Amino acid sequence: MKQYVLLSLACLSLWGCKEQQVTKEAPLKMIEQVDFSHVKIQDNFWSPRLAKHITATLPVCIDQIENRTGRIRNFENAAKGQGEHSGIFFDDSDVYKALEGIAYSLINNPDPELEKKADEWIDKFAAAQQPDGYINTFYTLTGLDKRWTNMDKHEMYCAGHMTEAGVAYYKATGKRKLLDVCIRMADHMMTQFGPDKRHWVPGHEEIELALVKLYEVTHEEKYLDFANWLIEERGHGHGTKGGEGDWNPFYYQDEMPVREMTDIAGHAVRCMYLYCGMADVAALKKDTGYIKALNRLWDDVVLRNMYVTGGIGSSRHNEGFTEDYDLPNLDAYCETCASVGMVYWNQRMNQFTGDSKYVDVLERSMYNGALAGISLSGDRFFYVNPLESKGDHHRQEWYGCACCPSQISRFLPSIGNYIYGTSDKAVWVNLYIGNTTEIPMGKGNVTLKQETAYPWDGQVRLTVSASSPLKKEIRMRIPGWCKQYTLAVNGKQVSPAVEKGYAVLDNEWKSGDVITLDMAMPVEVVEADPRVKEDIGKRAIQRGPLVYCMEETDNKKDFDKLAISPATTFTEGFDANLLNGVVTVKAADGDKCASLIPYYAWDNRTAGKMKVWLDYKGE
């Protein structure tokens, strides 16, 4: 029932089930993700959230952008060349991220009215673009003579989010008006910067991975080369804030060339976007130097700087990192955007190696750090995700800096991206989410239907349908938290080899074949690495992929005195009427009993105290 595990926090050290090793494979992307456009999610956990995304999250974003803030008006004013700029200098990016969320929603849920709204926005973007291709409402309205003078004013960051939205909308609708705006902006930037031109170190990374997406859709090598050049600019003394204060090279990931990096430093979200850009370029350029650096950085992030929730960035001061093992709970920052970034980065790392340790971290960040960022009603958001609260930390309708609401709006409808992968020899099953997917294979398609009550239950049923026999391995991920499981094919139990956390089922698959994976889901008691001073004498509770917390509303009596011990017994049960349906955990110790809920669901009821790490009464 109980298992004590050290939290460092990689799944390899967290559960002790996988051997840590730096991958020696060539940095070729061996796995291609199955795009979520081929995946239809149908399950009791994610389907209600995706429905709320359509009925609540997107409408909130649209209302805030159009009616409650000046974000869309900035584009209208820029098109006229007159009027004030309202808000923060990077607010354009929120509009672009919301549009990307709209595009992703349209892929699996066509909506003519929503598409019409997107087209209206795109018309405003195009009208705001300058004749030379430049687009940024802040500088258009405050002085174009000042553009490209301050590396920290997010011009390339905004252009990157616009480009991601442009590519997404083109894929969703086939309409290329915004894509062409993005191409003109990219071409404009390349007239200013590059080899034998001006140096430039973007203060906030994002453009790097966006340029790779632009390359992939246009097949223009110059965009990939520009992304590579921007990454290579770091660490050579080129960074500057344009005379407005000091340029802190650690904060901006500019302290050394990226190939030499060993430790994560500075702003958490910027780090995630940089690492994603490095991974994307490495895959296409076959750059071993980037891969070696990313392996070192991954160890530093996951083993020494990640919370049990998969959140990263402990300091409010820099929205990032201080020193190893500095993981305060009450003052934890854990920006929602950073947890989403962990999903993006770990998915890319998995594609290089086929090692499930990356998906273990992806899943941890997705179900805990990222999912906590949005209310169950889909219309309120956390920017900061602490692991303890005195009852005064709540989700808000919007923020002056609204990067997290718009980030969630584009992340949720794309979660289907992370379920499956394909390679020459295998189909990879990474996440357990009820869905049906159709994967092109050779001359035909293979359909996989996944049925599960995950994350509440560890049983998964995967049914194969194929027009002709499928001669590929099916690799089923065995999560790092899972200590006991059984596998069966067509009702017959099997014991396949497990490679890098995947059970390798090597059959010739025919229509109607069924794989059943049954994973035991006991309550686990998690112990932090002793170097995490904040958690000495404390324990956290986890069940399956979910981290649990204790809320005052369930534990009004003696909240601050409740503790667990080696004698504590745990019971769990599904409550369909609580928090849209959750498995609760009861921790009984003598005459004391604590009730815990999944961390992602906290602050959805009566305000009160909360904590993840519980006091622990010795051995």
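**Exercise 1.** Is the crossing of α2 and α4 left-handed or right-handed, and which residues of α2 and α4 make the contact?

*Solution.* In this predicted model, the axes of helix α2 (residues 46-68) and helix α4 (residues 92-108) come within 10 Å and cross at roughly 150 degrees. Because angles over 145 degrees count as roughly antiparallel, α2 is roughly antiparallel to α4. The crossing of α2 and α4 is left-handed. On the α2 side, H53, I54, L58, C61, I62 and I65 make the contact, and on the α4 side D94, V95, A98, G101, I102 and S105 do so. Sorted by class, the contact of α2 with α4 has 8 nonpolar, 3 polar and 1 charged residues.

**Exercise 2.** Describe how α3 and α5 pack, starting from the angle and the distance between their axes.

*Solution.* Helix α3 (residues 71-80) packs against helix α5 (residues 112-128) at an angle of about 40 degrees, and their axes are 7 Å apart; the two helices are therefore oblique to each other. Their crossing is left-handed. The contact joins I72, F75, E76, A78 and A79 of α3 with W121, K124, F125, A127 and A128 of α5, and these residues divide into 8 nonpolar, no polar and 2 charged.

**Exercise 3.** Compare the expected span of helix α9 with the distance between its end C-alpha atoms, and then state which residues of α9 are buried.

*Solution.* At 1.5 Å a residue, the 12 residues of α9 (residues 207-218) should span 16 Å, which agrees with end C-alpha atoms 16 Å apart. The buried residues of α9 are I207, E208, L209, A210, L211, V212, L214 and Y215, and what covers them includes α7, α8, α10, α11 and α13. Just after α9, H219 takes a positive phi of about 60 degrees.

Definitions and conventions: Residues are numbered from 1 along each chain as its sequence is written. This is a predicted model: local features need pLDDT of at least 70, side-chain atom pairs count only at pLDDT 80 or more; totals for chains, interfaces and linings use all residues. Side-chain values use heavy atoms; hydrogens and water are left out. Axes are lines fitted to C-alpha atoms, for helices over the stretch in contact, and angles run from 0 to 180 degrees between N-to-C directions. Helices (H or I, at least four residues) and strands (E, at least two) are DSSP runs, numbered from the N terminus. Angles under 35 degrees count as roughly parallel, over 145 as roughly antiparallel, 65 to 115 as roughly perpendicular and the rest as oblique. A crossing is left-handed if the near helix is turned anticlockwise from the far one by less than a right angle, and right-handed if clockwise. Contact means heavy atoms within 4.5 Å. Ala, Val, Leu, Ile, Met, Phe, Trp, Tyr, Cys and Pro count as nonpolar, Asp, Glu, Lys and Arg as charged, and the others, Gly among them, as polar. The expected span of a helix is 1.5 Å times one less than its number of residues. Buried means under 20% relative accessible area, exposed over 50%, partly exposed in between (1.4 Å probe, protein chains only).
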